[in-house]
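Grab a pencil and have a go at these short exercises. Try each one yourself before you read the solution.

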Amino acid sequence: MRTELASPPDDAATSGADADAGRSGERRRRRRPIGRIVLLVVMIVAAVPFVFPTWWMVTSSFKPMSEIMRLPPTLWPTSPTFDAYGQVFELQPFAQQYWNSLYIAAVVTVGTVLVSAMAGYAFARVRFPGVNVLFIVVLVGMLIPIEVTIVPLFRMVNALGLIDTHWPLIVIPIIGAPSVLATFIMRQFFLTLPAELEDAGKVDGLTRAGIFWRIAFPLARPATAAVAIFTFMQSWNMFLEPLVFLSSKENFTLPLALTQYVDAYGGPIWNVQLAATTLTVLPVLGVFVLAQRQFVEGLAQTGLKG
Amino acid sequence: MTSTIDAGSRPGPGRRTARRRRAGLGDALTGYAFVTPQLLGSAFFVIGPLIAVVWYSLHDWNVLAGTFTFSGAENYERLLSDPSFVDSLQATGIFSAGLVVLNVSLALALAVMLNQRLPGTTTFRTFFFSPVVVSLVAWTIVWGFLLQADGGINGFLAELGVDGPNWLRREDTAMLSVVIVQVFKNVGLNMVLFLAALQGVPRELREAARVDGANAWRSFWKITMPLISPTILLVSILTIVGSLQVFAQIAVLTQGGPGTSTTVLVYYLYQQAFEFKEFGYASAVSVVLFLIVAVLTLVQWQTRKRWVFHEN
């Protein structure tokens, strides 16, 4: 898929070369440029609702409050200001919230990769009594979105005195329902691993755990990358869980914090909210542009394998 | 392999099996150790809570009133006679149907366009995919800003002489707005899945059709569509399952309103549980949600088994 998309389109290079080819070729060429231009225009128009919101977010965040709702709308701030960015950090402990989101997503990602790699490996390659039954038990997690169990989970977290801490946002995703898909993807990968590699490890006297650590897990890098990316994104985007489990602003994660830039009447302070949103979105978009292939593949896995 | 090497140097079969059994035991222990974290998670955070939510749903449990009494199927009877629950089912149905139709058709159209391999295709793919990596709440906030009565979209519409509605505050446009915001957010994911499916369609088939005099439109419907229909089915089910979990968009854009026009199932569940503290009743709603999601997911698994041949 990627290679085909990445390769330079051959038609473009050759279209001008054989100017006096046969008549049918000429007709075909005459018809095609129009079709291609129409297609290009359609794609440009289609791209607007995908790109424009991000553009509007960034430019509006530099507009003063007086300009932000001005009619007709200005595509570029006429008197750009950083005021909104200052307020982002004054109205809420935004740096702390940013850090909360980052470290929670990082811990959840590392934890999920480890747990799902180990479980996926065991389910794929190790034969032990009950392996199939246990795998089915784990798979049940895929049938249960977190929303279904949010009431009992809240009660459990509350009973443990862990409300308004980050524990539920870390532990539940790593070993609970959200990591089941990761385990499934890892298992699918390990199933394809040639048995000879493991046999070689056995000959070298490695234990099962050694074979996993030194041979299987290092080979699982593509699956690990996919799991890491979608796990990170899932944690970074969590909304219902922090809304239910957290109560004080310094513990909030970003998605929840973004909704809190409101005035005394509950109406959003738009330029500040958009500045905070910009700070949240741009780094991720930047990483996406750099590692596009991994992102597309990693996130598509959630669709394909789910 | 090990056993064949060992066979020559080993004196008796008894020792060999003993050794293998020991290795098997070690293997089994490692296996159990490796799956333990995941199993603990399943027990404590998945299956336990699932049993609990069914149990709670059979109780009259209001946290504010401090009641917790067994009430049998009362919560379920209440669900059936509660107009707002029926409304929320209806809102969910409208949302899911609108989303799956718009999302799948747009995703397919974009994938077909990208598959023409024009110059700049990679850039367009990046554009179409980029909202997928933007956090849902961020994306929703920006669209909420654009959809204000005096927001960007109406501003540009006014330039064209069109008087735009207050998108999020009118019953007839609120749900449509939420659906559209969600379509642009995630259509890129389905587009990529379709693109992979389209590229799995053998070129020779389409060329053969062209030789037989079929135009592009006809060969798309007669050849491409049948070949990618399993993917369409799969993507549709996945999109519906995802759409049942919609929550953040509603919380940010409309808070379920105006009226109850955008109060979808999960938002209703959240309100009952965490605003009205009706834990028992909310649990009954959870059970209904679980049944719908579970049935659809099982259908999806069956579909994959029978249809999907692109997997490697």
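The exercises below work through a predicted model.

**Exercise 1.** Work out how many residues chain A and chain B each bring to their contact, and what kind of residues chain A uses.

*Solution.* Start with the head count: chain A puts in 88 residues and chain B puts in 83. Next, look for the biggest contributor on the side of chain A that touches chain B: that's helix α3 (residues 23-61) of chain A, with 13 residues. Finally, sort that side of chain A by type, and you get 67 nonpolar, 14 polar and 7 charged residues.

**Exercise 2.** Decide whether chain B is a compact globule or more spread out.

*Solution.* First, take stock of the secondary structure: chain B has 13 helices and 2 strands. Now compare sizes. For 312 residues the globule rule gives 20 Å, but the radius of gyration of chain B is 27 Å, well over that, so chain B is more spread out than a compact globule. As for its dimensions, the C-alpha trace spans about 95 × 75 × 30 Å along its principal axes. Then check burial: 39% of the 312 residues in chain B are buried.

**Exercise 3.** Place Glu77(B) in chain B and say whether it is buried or exposed.

*Solution.* Find the element first: Glu77(B) sits in helix α3 (residues 74-81) of chain B. Then count neighbours: 12 other C-beta atoms lie within 10 Å of Glu77(B). A residue with 12 or fewer counts as exposed, so Glu77(B) is exposed. For a sense of distance, Val137(B) is 60 residues from Glu77(B) in sequence and 35 Å away in space, C-alpha to C-alpha.

Notes
Residues numbered from 1 in each chain as written. Chains lettered and ligands numbered in written order. Predicted model: local features only at pLDDT ≥ 70, side-chain atom pairs only at ≥ 80, totals over all residues. Contact = placed C-beta atoms within 7 Å. Helix = DSSP H or I, 4+ residues; strand = E, 2+ residues; numbered from the N terminus. Nonpolar A, V, L, I, M, F, W, Y, C, P; charged D, E, K, R; others polar. Rg over C-alpha atoms; globule rule 2.2 N^0.38 Å. Buried ≥ 20, exposed ≤ 12 C-beta atoms within 10 Å, placed from the backbone.
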